[in-house]
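Could you walk me through this structure, one selection at a time? I have it open in a viewer and would like to know where to click next and what I will find there.

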Amino acid sequence: MQSADRILVLGIGNILWADEGFGVRVVEALDRDFALPAHVGVMDGGTQGLYLLPHIENLHALIIVDAIDYGLAPGSFRILRGADVPAFLGAHKMSLHQTGFQDVLATAQLMERCPRDLVLIGVQPAVLDDYGGGLTDIVAARVQEAVDAVLAELRDRHGIEARRRDAAQGGLVDPRLSREAYENGRPSAEMACRIGDPRVLGFGL
Amino acid sequence: MGIIQTPNGFSLDNSGRRVVVDPVTRIEGHMRCEVNLDENNVIRNAVSTGTMWRGLEVILKGRDPRDAWAFVERICGVCTGCHALTSVRAVEDALGIKIPKNAHLIREIMAKTLQWHDHVVHFYHLHALDWVNPVNALKADPKATSELQQMAGPNHPNSSPGYFRDVQNRLKKFVESGQLGIFKNGYWGNPAYKLPPEADLMAVTHYLEALDLQKEIVKIHTILGGKNPHPNYMVGGVPCAINMEGDMSAGAPLNMERLNFIRARIQEAHEFSKNVYIPDVIAIASFYKGWLYGGGLSATNVMDYGDYESVLGDKSTDRLPGGVILNGNWDEIHPIDPRDPTHVQEFVTHSWYTYGDDSKGLHPWDGVTEPKYELGPNAKGTRTRIEELDEGAKYSWIKAPRWKGHACEVGPLARYILAYAHGVTYVKDQVTDALGRFNALAGTSLTAKQALPSTIGRTLARALEAHYCADMMLNDWDDLIANIKAGDFATANVEKWDPRTWPSEAKGVGTVAAPRGGLGHWIRIKDGRIENYQCVVPTTWNGSPRDPAGNIGAFEASLMNTPMERPDEPVEILRTLHSFDPCLACSTHVMSPDGEELARVQVR
């Protein structure tokens, strides 16, 4: 597990906030369709902040997938490397007590255990403020592209070929929270109110 | 408005300069705070507002009650396990499910691991920066730091001058790299920081040690919860089989080797809270002996549901017993019943919701979440850019929970005041010992009743509770081993797993002593599906706005009468609010496109 060539593909974000769940949904799809060698981990990091620190320390490479606010058109896709990564993650509050993932990386740096190779595969979200919502169509359309980008990253930079599974495999994300179960089981707007503070939520009241 | 006397004993004056802090940083979620200062920069009115609305019914209505824990585990990054535990307790209560003893003990160990972890991370990673100046640590003399360590925490092995010099060099390199990162956005020049550089260096050093240790401790969750992050829970027990002779392969049942690993981690946690965390809080507090502000409601009204049963199913054996204390009378503890519709009620006169008749409170089983966003006549700014709130009208997305109409503080300090008043020997001994050491270092002679209701007391209670949890876990572990050795391997009761065994309608409540205070989930089940689901979380109690009678909540009360060194640097406000470990929206919102984290502070 702690071997020097260890790589982690980490999806982060909160699945309960619409496009915020992008990173988690990408690793869910990756793990469903592809098998990877034992030294390459795939993790649903959710919003676990500091809890993720032990998983990223001393990695050979960390591949982060996340919804990132670049101020671009919704659905825009970007890949960033090295020192550019923390700067972009800074726009994005995920949490341990609002510890951004930027802070988790800074902490790893303070501990002198930063991952050696850092890449961020991100998409510009369309909607973040729909509590209980799933991915919007424009962002959902980018999931496969992000999976392909992770595969290309593993292949081109690390010489690792993923193997397509013979049959889809579930289980990385709890089946109750799988994208299908989560999005199809959502209560209707009549059943459960979806509006809130216009300063934070984008809808008029 | 001039001066207003609140029924709960505060004198509010909003005539002075208004200071707005938005957002309050280093907390979970988005929170805003406004205060009025008098001519001496003393806080004479405080307004706390939650700016996010999250109704769990929004995601849970119509879903399978057995799945609710998995959804609530995703609300935020810190409350994961306690929401999940509260949820399964609520469903089990509704359906009359009794869990096996092993399941109880395993859940206890998981809950206390979370408590210990949350408290340690809160103190070192978030709250310490309200007392400790990491930049100042660069000026420390490592030899003098070593001497301080040996005086404040003599049982901690890492105390040599060379050790502190190494850490100082590492810190220097980090600061010089220009990425102050976790230490940025501090008010490091503010005279509200009182520690000598040596104490600063000692605290920063222990911050690094805490970071290293916390990740070992959470391996307990990985083993007992099957995975981490996002450990598994289960209605009816725990999803964790026991086979003492089993192998160590992934997903294999719990065996002796794993249990021994857990025992070793508990022991490490125990040593750290005893030899490092508690001594650090006492040492830091002694340098702030003249700063006993921030008590607020803890001096009068505190509440907890009680938790940590020694005997499964018998609330009278709670090792942190619950109840309500009113008016600072520690000789009388009122029992609390979360199912009694007259006990816990939520009010919305000052919240952006409506019940039709807002003068009434609603019990959570009958909870209604119908937004009504309107600013009061004295608010300044617009609906989307508020400059100043009107606390005379609706001003927060947080409802106002009350016990029989009384505003109460919740959290580790509330639990410790209750346990002290209940006469829990372990807690009384801890408090007496800690105060003795504080008084010796500070040259004071404060009693528990003088010292505990304060910002420092809140921070101390959290440290003591972390250690009590580690101590209780050692007992839970012994009990678990004894029970397994007696031949009991049951970890789940699945008699009522099948919804066809359920009544057509049921309602239940689950409560947990969560890190930030008493947490309750109230559920109604109809035809096998969730009909209504309401959470009253600790920060709803502490961060609540005013109620129909005009009582202020714990955050607002705690800021009252605190002097500020510099109105545009809200060190004192942040220090006291952080001492509650607030958790608001639990969301992961984009706050601003440029990633600006520094609180905007406006002085008007």
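## A tour in selections

Start at B:Gly443, which sits just after helix 11 of chain B and takes a positive phi of about 70 degrees. Keep in mind throughout that this is a predicted model.

**Helix 11 of chain B.** Now step back into the helix itself by selecting residues 425–442 of chain B. These 18 residues should span 26 Å at 1.5 Å a residue, and the end C-alpha atoms are 25 Å apart, which agrees. Next, colour B:Val427, B:Gln430, B:Val431, B:Ala434, B:Leu435 and B:Phe438, which are buried. Turn the view until you look down the axis of helix 11 of chain B: its buried residues fall within an arc of 120 degrees, so they line one face of the helix. The face turned away from that buried side carries the exposed residues B:Thr425, B:Asp429, B:Gly436 and B:Ala440. What covers the buried residues? Show helix 9 (256–287), helix 10 (412–422), helix 12 (448–451) and helix 13 (455–485) of chain B, which are included in that cover.

**Helix 3 of chain B.** Move on to residues 80–95 of chain B, which form helix 3. This helix has 16 residues and reaches 23 Å from its first C-alpha to its last, close to the 22 Å expected at 1.5 Å a residue. Is helix 3 of chain B mostly covered or mostly open? It is mostly covered, with 16 of its 16 residues buried. Click on B:Gly96, which follows helix 3 of chain B and has a positive phi, near 65 degrees.

**A three-stranded sheet in chain B.** Select strands 14, 15 and 16 of chain B, which form an open sheet in the order 14-15-16 with antiparallel pairing. Strand 14 (505–514) and strand 16 (529–536) of chain B are the edge strands, each pairing on one side only. Neighbouring strands in this sheet are turned by 15 degrees against each other on average, direction ignored. Zoom in on strand 15 (residues 517–526) of chain B, where seven bridges join it to strand 16 of chain B. One place to look is B:His521, which stands opposite B:Cys535 in strand 16 of chain B.

**All of chain B.** Zoom out to take in the whole chain, whose secondary structure comes to 16 helices and 17 strands. Along its principal axes the C-alpha trace of chain B spans about 65 × 65 × 50 Å. A compact globule of 604 residues would have a radius of gyration near 25 Å, and chain B has 24 Å, which agrees. Of the 604 residues of chain B, 58% count as buried. Among contacts in chain B between residues at least 6 apart in sequence, 73% join residues at least 24 apart.

**The five-stranded sheet of chain A.** Switch to chain A and find the open sheet of five strands, with the order 3-1-4-6-5 and mixed pairing. Strand 3 (40–46) and strand 5 (77–81) of chain A stand at the edges with a single partner strand each, so one side of each is left without a neighbour in the sheet. On average, neighbouring strands of this sheet are turned by 15 degrees against each other, direction ignored. At one edge, strand 5 of chain A pairs with strand 6 (residues 117–123) of chain A in the antiparallel sense over five bridges. Here A:Arg81 has A:Val119 in strand 6 of chain A as its bridge partner.

**Strand 1 of chain A.** Which way do the residues of this strand point? A:Ile7, A:Val9 and A:Gly11 point one way, A:Leu8, A:Leu10 and A:Ile12 point the other way, and all are buried. Six of the six residues of strand 1 of chain A are buried, so this strand is largely enclosed by the rest of the structure. Strand 1 of chain A pairs with strand 3 of chain A in the parallel sense over six bridges, and five bridges join strand 1 to strand 4 of chain A, also parallel. Pick A:Val9 to see both sides: it stands opposite A:Val42 in strand 3 of chain A and opposite A:Ile63 in strand 4 of chain A.

**Two helices by the sheet.** Show helix 1 (residues 22–33) of chain A, which lies across strand 1 (7–12), strand 3, strand 4 (61–67) and strand 6 of chain A. Helix 1 of chain A runs at about 145 degrees to strand 3 of chain A. Finish at A:Val150, in helix 6 (residues 143–158) of chain A. A:Val150 is buried, with 24 other C-beta atoms within 10 Å. Leaving aside neighbours within four places in sequence, A:Val150 is in contact with A:Val9, A:Leu30, A:Ile63, A:Val65 and A:Ile121.

Terms used: Residues numbered from 1 in each chain as written. Chains lettered and ligands numbered in written order. Predicted model: local features only at pLDDT ≥ 70, side-chain atom pairs only at ≥ 80, totals over all residues. Pairing = 2+ DSSP bridges. Helix = DSSP H or I, 4+ residues; strand = E, 2+ residues; numbered from the N terminus. Axes fitted to C-alpha atoms, helices over the stretch in contact; angles between N-to-C directions. Contact = placed C-beta atoms within 7 Å. Expected span 1.5 Å × (residues − 1). Buried ≥ 20, exposed ≤ 12 C-beta atoms within 10 Å, placed from the backbone. Arc of directions from axis to C-beta. Rg over C-alpha atoms; globule rule 2.2 N^0.38 Å.
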